[in-house]
Amino acid sequence: MNRSYRLLDLKLPLDHAPEDVRAEVLAQLRLRDDQVTHIHVHRRGYDARSKSNIHFIYTLDIQFAKDVDTQLLASLNALQVTPDMAYKAVVSQANVDKACGREGFKRPVVIGTGPCGLFAALTLAQMGLRPLVLERGKAVRERTKDTWGFWRKQMLQEESNVQFGEGGAGTFSDGKLWTQVKDPTHLGRKILQEMVKGGAPDEILYVSKPHIGTFRLVKVVEYLRGEIERLGGEIRFSTRVEDVILDENKGSSGTKSYTLRGLRTVDVLTGAQTEISASHVVLAIGHSARDTFAMLHARGVFVEAKPFSIGFRIEHPQGVIDRARFGEPKFYAGHPDKVVAHVGAADYKLVHHAKNGRSVYSFCMCPGGTVVAATSEAGRVVTNGMSQYSRNERNANAGIVVEMNPLDFGADASHPLAGIAFQRSLESGAYKLGGDNYFAPAQLVGDFLKGRASTVLGDVEPSYKPGVRLTDLTGQQAGSIAPSALPASLPPYAIAAIQEALPVFGRQIKGFDRADALLTGVETRTSSPIRIRRNIEQHPLAYQSINTRGLFPAGEGAGYAGGIMSAAMDGMKAAQALALNIAGEP
């Protein structure tokens, strides 16, 4: 095959015909049609900075006929050689086979089937290491039924919900498939290719901000499970890891260190207990496995508190966001809907540095989506955002959150698990504010800014199920003679920072601080409250816990990722490090 060259920043109008891509390439490079043998769209984004000139921007990989002087083209038009993005195994098959054939070989174990765990397991399976995968929740379709049962009937299943079960928390989200994490070995490309094999649309390989939505993600998750099993892996659902079996290393000075010897599990449906011999375990437990965090800390695995963010979900009519982002471009005769038809529902990303030193920012923005109940514990309310592939629901929603650090976590802030207690206190408070029935407390933005309780909805209809209870999220109750009987939903400094930020955001996106926009509380699971610190990326200890040999903490739960793609990439890196360790390769 001829070498491919990459052309950047080719601009075309939103309503261009498919053949216009080739025509513009020929015009820019001043070539005949027969001199360009193949054009592949690597990336397609859009530029909406000028509302009178919204257009697509292409990155193209091009192959040329032999008579084309590609060196001359590169010097004149900033062409560059297309990088090799093919996935390459990090261990030789011969060494894998040798390791698997050794006496006493123990197959690797992966705990968790979120994006991190699934792609760690798939990577191991494709190397021939036949992983055992343990998941405390249910298979994705059973789990989906349990989740909808909670949303519709307030019947919470504590082991099968938005947080726990096949697919992880990302299953009930917008399904965003992009990340800003550096990816020099193109693991992200491998992940997207596997998803396309599993039924995701081809466009996720080239659009600048791909997403998939919940319903399509379910099919992809089932495909990944099938591939892991086809390649010799085994997946056990409803299997919670209750304990790790560790041997203390002899002669260690200072901080104790351990070597992993096995796991103890329990079948959450029958109560049956099992002991599993294991020396290499990828820990991909997600950001809400609070009981597992506590168990690891109790056993001596090094765990530390880390920052995370808290706040609310805010909802607007999606049309408000579309008009603010796309305006009324002359080309489309004042119809931003026509822009949406080409590029999809508009999103946004906002940040404000408040006077009290707190950063307020938008988080996990879901165009045309819904606010969902995301608790995994009884007597607590947690919100998150979700949307389908079509993104055609009435409202846009996003987290408006404030960054917290471990010093904010209360009297016992120095404890590694203090962030969990802090989250739980806010979620329990939200449960009470919502009426002790899993309804979420909500307040109109206009009332929130004035510190008074909301009593009547405006035009923005809440999407949260089971439902919302209008109240005062600020705890200020302006005009009240007696102190409010209800506490604030967030600490006062967080309330103040968000009150300051909303009008600023309203100047950036017209209508963002409209009086009847709706705030729903609380958002607390933005990221893990702990980090299970691991060694720097240097063989032979790469990706292993700094004091527990054989334990490979990875993904969101370990504090090393945020979102589907970064978690999946981290899972692959952990699996690669584990495979190198097993195979004895440098």
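The lining of the largest cavity divides into 9 nonpolar residues, 3 polar ones and no charged ones. That is the place to start in this predicted model.

The cavity count, taken at 30 Å³ or more, comes to 1. The volume of the largest cavity is about 80 Å³. Its lining is made up of Pro-115, Leu-118, Phe-119, Gly-167, Gly-170, Thr-171, Met-195, Leu-217, Val-220, Val-221, Leu-224 and Ile-564. Two elements each give two or more residues to this lining: helix H4 (115–126) and helix H7 (214–230). H7 supplies the largest share, with 4 residues. Why do Gly-167 and Gly-170, both in the lining, not count as nonpolar? Gly is placed among the polar residues, because the nonpolar class is limited to Ala, Val, Leu, Ile, Met, Phe, Trp, Tyr, Cys and Pro.

Now turn to the strands. Strand S3 spans residues 55–64. How much of S3 is buried? Of its 10 residues, 9 are buried, so the strand is mostly covered, with buried meaning under 20% relative accessible area.

S3 has strand partners to follow. Strand S1 (residues 4–13) runs antiparallel to S3, and 8 bridges join them. In S1, look for Lys-11: this residue stands opposite Ile-57 in S3. Strand S2 (residues 36–47) also pairs with S3 in the antiparallel sense, over 10 bridges. Here Arg-43 stands opposite Thr-59 in S3. Side chains in a regular strand alternate between the two faces of the sheet. Keep that in mind when tracing S3 from Ile-57 to Thr-59.

Key. Residues numbered from 1 in each chain as written. Predicted model: local features only at pLDDT ≥ 70, side-chain atom pairs only at ≥ 80, totals over all residues. Heavy atoms only, no water. Buried < 20%, exposed > 50% of the residue type's maximum accessible area, 1.4 Å probe, protein only. Pairing = 2+ DSSP bridges. 1 Å grid on protein atoms, 1.4 Å probe; cavity = no way out; pocket = protein on both sides within 12 Å on 5 of 7 lines; lining within 4 Å. Points joined across faces, edges and corners; volume = space filled by probe spheres on them.
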